[in-house]
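Please find below a short note on the structure under review. It is set out as numbered points for discussion.

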Amino acid sequence: MSGEASAPGASPRAPRPGTQKSSGAVTKKGDRGAKEKPATVLQPVGEEEPKNPEEYQCTGVLETDFAELCTRSGYTDFPKVVPRPRPHPAFVPSASMSEKTTLDDQRLSGSCSLNSLESKYVFFRPTIQVELEPEDKAVKEIYIRGWKVEERILGIFSKCLPPLSQLQAINLWKVGLTDKTLTTFIALLPLCASTLRKVSLEGNPLPEQSYHKLMALDSTISHLSLRNNNIDDHGAQLLGQALSTLHSCNRTLVSLNLGFNHIGDVGAGYIADGLRLNRALLWLSLAHNRIQDQGALKLAEVLRPFELTHTEVVERRRLLLEKGSQERSRSPSSSRHGDSKAEREKNPLMGVSNAALAEKSDKTPTTKTPKGLGKKKEKSGNGVKKEEKSGSGQSPTQGTPKKEDATKVGKGKVTIPEQKPSKGKGPKTGNKEKRSFLLESELVAEPSEVVSPLLEPVEHREGKVFMPGNKVLLHLNLIRNRITEVGLEGFLATVQHQAQFSKSKSASKGPVGLLCLSLAKNCFSPQCPPYTMIQELMLPRDPISKAKPREEETTASST
């Protein structure tokens, strides 16, 4: 009985603890799983937060917007927006020696402390330095130095930079740009304010050297710095093509800094080709490169009258024909005003056609029409002329005749030149109305004229066509290259030509050529004759050298 009692007592007891333990274990694991699952699900909630930056509305305060967008994007440690540090004030020389020694002792004692070491290396922490306007504390310039700017950071910038209405410059120094991130950065620029004109990408070498994308035709950048980017001749070729080609030209870039790169003679030739038809760039730096005499001669050749190539001559003829066809297509609207002698001189083709019409009209009235009708036609022509006087203030669309009356207007033009000797008011009204039409034609033809400097007046010598050269470039820096006296001879000829040109055109307005040419620290002696002559010719042209005597005169007069 005891065994039977123990058996049934053991049998239910044995499984109960097991079942309780197993069920308890299961329930505990289930409870833990239920409790731990929400904990693990909380992190995906953080992954859903990247959608929140799209809902966030920027306030225009860069420090607040950037921090909020970074936290919403999942960043826990991100750079802070800080004001750009100012240089320390200059040491006052009037301080006593005792004060100097105490200051030095304080610096030495402070440099040994841990706090000073931490403050010393604060400069190297990733930050976004901003230059603020003194009045309203708006962000004027942005400086990012020494930390990698990723695709996500650029996405944050695309949201917090457009509200900055007074942003003028973005400086990225050694931020690890790639060709992909550069494309993203270029897409960001049109979103920013229209005041953004300066971009500096220094210390960011790219494998594909796609810096020329910053100089596209739709770019609004005026000042571009690409120093220390390992740009070679291939990159210079892309940049030269971005400056200008036969069919396109950059019209916004004013200054380009290509210093501290690897550009040689071939690359300098590509840059010179870009300067042939570019009439916007004023400042160019090729300092600290590998340019020798061949590249220097190509650069100097572009700055004085140079010979057009065959393709350029063909393109020039095409543009002239296109321009002539546009003028002829606009001539019917202004034909009734073409009674002045100046118009016939400007448009000889119109004069020929008018003369032909006059001959035909002279023949037809004698054979078919009586004299009285001819006089009536002349009177009707005078009536048209009086209507022009009274309606000179009307819009061109209101004053243009209908297609049906085109023949009548043509007949009026035939008789009006016969009345010119007797009346002097006709040419005046024609000139005034012609000016209004010229303004419209100039507005229509402005893009082709700006894009194509091939339409500038040229010289024909010995069967060759010569352009006057690039007189728009004012500053050229070629310090620390490999130029010898051979290259100096080319620049001497350029400076001599530009000096003569400026004297002959001193009264007229327009560009006169280089005002500053830096050729120091190359492979020639500073006392060589070509270099001294270049300095003598450039001295009166340099505005800085002109300003120094004026300052001395003002200081002398004040004392």
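The points below move from the whole chain to its sheets, a helix pair and individual loop residues.

1. The model is predicted, and the remarks here should be read accordingly. The chain holds 21 helices and 13 strands. Of its 559 residues, 36% are buried. Among contacts with a separation of 6 or more, 80% join residues 24 or more positions apart.

2. Strand β5, residues 198-202, pairs with two strands named here. With β4 (residues 169-173) the pairing is parallel and comprises five bridges; with β6 (residues 223-225) the strands also run parallel, joined by three bridges. K198 of β5 appears in both pairings: K198 is the bridge partner of A169, and K198 stands opposite H223 in β6.

3. The connection from β4 to β5 deserves mention. Helix α8, residues 179-188, combines with β4 and β5 in a β-α-β unit, and the unit is right-handed. As for its solvent exposure, β5 is mostly covered, with four of its five residues buried.

4. K174 lies in the loop between β4 and α8, within the connection described in the previous point. The backbone of K174 has a positive phi of about 55°, although the residue is not a glycine. K174 is classed as partly exposed because its relative accessible area is 41%, and the class lies between the limits of 20% and 50%.

5. A second residue with a backbone angle of this kind is F260. Its phi is near 60°, again a positive value in a residue other than glycine. F260 belongs to the loop between β7 (255-257) and α10. With a relative accessible area of 40%, F260 is partly exposed. A reviewer may wish to inspect the backbone at both K174 and F260.

6. How do helices α10 and α11 pack, and at what angle? Helix α10 spans residues 265-276 and helix α11 residues 293-302; the angle between them is about 5° and their axes are 8 Å apart. The two helices are therefore roughly parallel, since an angle under 35 degrees counts as such.

7. The contact between these helices draws on residues from both sides. On α10 the participants are D265, A268, G269, A272, L275 and R276, and on α11 they are D293, Q294, G295, K298, L299 and V302. By character, the contact of α10 with α11 comprises five nonpolar, three polar and four charged residues.

8. Further along the chain there is an open sheet of three strands, arranged in the order β9-β11-β10 with antiparallel pairing. Its edge strands are β9 (306-307) and β10 (459-461), each of which pairs on one side only. Between β10 and β11 (residues 464-467) there are three bridges in the antiparallel sense. Within this pairing, E459 stands opposite F466 in β11.

9. Is K137 buried or exposed? K137 is exposed, because its relative accessible area is 57%, and the threshold for that class is over 50%. The residue sits in the loop between β2 (127-132) and β3 (139-145). The C-alpha atom of K137 is separated by 9.9 Å from that of V61, although the two residues are 76 positions apart along the chain.

Conventions: Residues are numbered from 1 along each chain as its sequence is written. This is a predicted model: local features need pLDDT of at least 70, side-chain atom pairs count only at pLDDT 80 or more; totals for chains, interfaces and linings use all residues. Side-chain values use heavy atoms; hydrogens and water are left out. Two strands pair if DSSP finds at least two bridges between them. Axes are lines fitted to C-alpha atoms, for helices over the stretch in contact, and angles run from 0 to 180 degrees between N-to-C directions. Angles under 35 degrees count as roughly parallel, over 145 as roughly antiparallel, 65 to 115 as roughly perpendicular and the rest as oblique. Contact means heavy atoms within 4.5 Å. Ala, Val, Leu, Ile, Met, Phe, Trp, Tyr, Cys and Pro count as nonpolar, Asp, Glu, Lys and Arg as charged, and the others, Gly among them, as polar. Buried means under 20% relative accessible area, exposed over 50%, partly exposed in between (1.4 Å probe, protein chains only). A crossover is right-handed if, with the strands pointing away from the viewer, the path from the first strand over the helix to the second runs clockwise.
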